[in-house]
Amino acid sequence: DPLMDWGIHPISLILKLFNKDALDIFKSKKIKYSRYHKVFKIIFLHNQTEIKIITGNGFKKKIRKVKIFLKNNDILECDFILHQIFLNKINVFISKKTPLSVLLDNFFLNINQGLNNNELENLIHSRNSIKIIEKFV
């Protein structure tokens, strides 16, 4: 399912940034839903901060973004394809490593040093992301 494939990453990011128990799923909508293409819009609310995720496989151009609308009207945007973070469309961070290299580095460290608390936390966020996604699938 496309939501399981692509939705876990942005939802896990949101759960890592914000306390899971303080998040409310404000609204969800199936934007495109067919046998082969599915696009979902999920809006979370956290203390009057709106967090929008649009994810799926039904785009003409591949899009993997999370937008967080802050209380002061700033917009924080995480682009999972470019591996960049923007604040009001101004680039504030560019990752020097690809996600795959980060995973491999973490895997190497876990083999040599054992699982650390951060990795356990990431696993919990992934599990919670799946629970959220299962509500829509």
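In this predicted model, Glu77 counts as buried because its relative accessibility is 12%, under the 20% cut-off. Glu77 sits in strand 5, which spans residues 75–79. Its side chain makes a polar contact with the side chain of Lys65, at 3.3 Å. Leaving aside residues up to four places away in sequence, Glu77 touches Lys65, Val66 and Lys67, along with Gln84, Ile85 and Phe86.

One of these neighbours, Val66, leads on to the nonpolar interior. Val66 belongs to the largest nonpolar core, a set of 17 residues, and is among the members that touch the most others, together with Ile11, Ile14, Leu23, Phe44 and Ile51. At least two core residues come from each of helix 1 (2–17), strand 2 (38–46), strand 3 (49–56), strand 4 (65–69) and helix 3 (117–134). Helix 1 gives the largest share, with five residues. In soluble globular proteins, nonpolar side chains tend to be buried together.

Stepping back to the whole protein chain, three helices and seven strands are found, arranged along the sequence as α-β-β-β-β-β-β-β-α-α. The radius of gyration is 16 Å, close to the 14 Å from the globule rule for 137 residues, so the chain is as compact as a globular protein of that length. Buried residues account for 29% of the 137 residues. The chain exposes about 9300 Å², of which carbon and sulfur atoms supply 58%.

As for confidence, the mean pLDDT of the chain is 82, and 96% of the residues score at least 70. Among the elements, strand 7 (residues 90–94) has the highest mean, 96, and strand 1 (residues 24–33) the lowest, 75.

Key:
Residues are numbered from 1 along each chain as its sequence is written. This is a predicted model: local features need pLDDT of at least 70, side-chain atom pairs count only at pLDDT 80 or more; totals for chains, interfaces and linings use all residues. Side-chain values use heavy atoms; hydrogens and water are left out. A nonpolar core is a set of buried Ala, Val, Leu, Ile, Met, Phe, Trp, Tyr and Cys residues joined through side-chain atoms within 4.5 Å. Buried means under 20% relative accessible area, exposed over 50%, partly exposed in between (1.4 Å probe, protein chains only). Helices (H or I, at least four residues) and strands (E, at least two) are DSSP runs, numbered from the N terminus. A polar contact is a pair of N or O atoms within 3.5 Å; within protein, one must be able to donate a hydrogen and the other to accept it, and residues adjacent in sequence count only if both atoms are side-chain atoms. Contact means heavy atoms within 4.5 Å. pLDDT is the predictor's confidence in each residue, from 0 to 100. The radius of gyration is taken over C-alpha atoms; the globule rule is 2.2 Å times the number of residues to the power 0.38. Accessible areas come from the Shrake-Rupley method with a 1.4 Å probe; for residues, only the protein chains shown count as cover.
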